[in-house]
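The walk-through below starts in the middle of a sheet and works outward from there. Keep the structure open while reading.

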Amino acid sequence: MELVNGLLLFIGLMILPAGFQDESVLFVNKSTHEIALFESGEEQFTAPAAIGKTDDLTPEGIFSIVVKAKDPYYRKTDIPGGDPDNPLGSRWIGFDARGTDGRMYGVHGTNRPESIGKSVSAGCIRLKNEDVEKLYESVGKGTDIVIVKSEQSMEQLYDEWLKNKWKEALA
């Protein structure tokens, strides 16, 4: 049966339209503290990232981007967007983890660029402001964000994501 499924997947990859390959997808690897954007099968953006202080703070799985905001307001301590004390930096890209509708978990900038590349956040993915601004322009609502803790390369993670998309389509 595994051989048949593999054959069907191979045939599907050869004859079905390249729709999934045209999709954008964002990967966060907690092991390497990196984020990468793939568009049309090619890595278009990569940057170092800060993640949750503990493994369980940054959720793992496949989520969807549902909120985007420029100069986001920091509700926790009432700091307006654009304020240099705002820990969210210049952009917010919220995703739908743990039923929070993009309001609690996101990829965002920071007013502490020295924290990038470390495990220091309350669960969000932090980027340097210039990096999150580039990413903000490149991703839209509905884009998948895949968060993993893996020793695989970003290219391997993309290939695995693409295979799973095809398997779902053929099921």
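**From the sheet to the pocket**

Strand 5 and strand 6 (residues 91–95) run antiparallel and are joined by five bridges. One of the residues in this pairing is I65, whose bridge partner in strand 6 is F95. Strand 5 also pairs with strand 10 (residues 144–148), again in antiparallel fashion, through four bridges. There, G61 stands opposite I147 of strand 10. The model behind these descriptions is a predicted one.

These pairings belong to an open sheet of eight strands with the order 3-2-1-10-5-6-7-9 and mixed pairing. Which strands stand at the edges? They are strand 3 (42–48) and strand 9 (125–126); each has a single partner strand, so one side of each is left without a neighbour in the sheet. Strand 9 runs parallel to strand 7 (residues 106–108), and two bridges join them. In this pairing H108 stands opposite R126 of strand 9. When following any of these strands by eye, keep in mind that in a regular strand the side chains alternate between the two faces of the sheet.

The sheet can now be placed in the whole chain. The secondary structure consists of four helices and 10 strands, and along the sequence they follow the pattern α-α-β-β-β-β-β-β-β-β-β-α-β-α. The chain has 171 residues, 43% of which are buried. Of the contacts between residues at least 6 apart in sequence, 60% join residues at least 24 apart. The accessible surface amounts to about 9,100 Å², with 52% of this area belonging to carbon and sulfur atoms.

Helix 3 (residues 129–138) offers a buried residue to look at, V132. V132 has a relative accessible area of 0%, and because buried means under 20%, this residue falls in that class. Beyond its neighbours within four places in sequence, V132 is in contact with S90, R91, I93, V107, H108, G109 and L127. H108 is therefore a residue to visit twice, since it is in contact with V132 and stands opposite R126 in strand 9. Measured by position rather than contact, V132 and T110 are 22 residues apart in sequence, with 9.2 Å between their C-alpha atoms.

The next stop is the largest pocket, with a volume of about 710 Å³. The pocket is lined by 24 residues, and those closest to its centre are Y74, L88, W92, M104 and C124. By class, the lining has 13 nonpolar, six polar and five charged residues. Strand 5 (61–70) and strand 8 (119–121) each supply at least two residues of this lining.

Two loop residues remain, and their backbone angles deserve a check. Most residues other than glycine have a negative phi. H33, which is not a glycine, has a positive phi of about 55°. H33 is found in the loop between strand 1 (24–29) and strand 2 (34–39). D101 also has a positive phi without being a glycine, with a value near 55°. D101 lies in the loop between strand 6 and strand 7.

Is each of these two residues buried or exposed? H33 has a relative accessibility of 16% and so counts as buried, the limit being under 20%. D101, at 51% relative accessibility, counts as exposed, because that class begins over 50%.

Methods: Residues are numbered from 1 along each chain as its sequence is written. This is a predicted model: local features need pLDDT of at least 70, side-chain atom pairs count only at pLDDT 80 or more; totals for chains, interfaces and linings use all residues. Side-chain values use heavy atoms; hydrogens and water are left out. Buried means under 20% relative accessible area, exposed over 50%, partly exposed in between (1.4 Å probe, protein chains only). Contact means heavy atoms within 4.5 Å. Accessible areas come from the Shrake-Rupley method with a 1.4 Å probe; for residues, only the protein chains shown count as cover. On a 1 Å grid over the protein atoms alone, a cavity is a set of points where a 1.4 Å probe fits but cannot get out, and a pocket is an open set with protein on both sides within 12 Å along at least five of seven lines; lining residues have an atom within 4 Å of a point. Grid points are joined across faces, edges and corners, and a volume is the space filled by probe spheres set on the points. Ala, Val, Leu, Ile, Met, Phe, Trp, Tyr, Cys and Pro count as nonpolar, Asp, Glu, Lys and Arg as charged, and the others, Gly among them, as polar. Two strands pair if DSSP finds at least two bridges between them.
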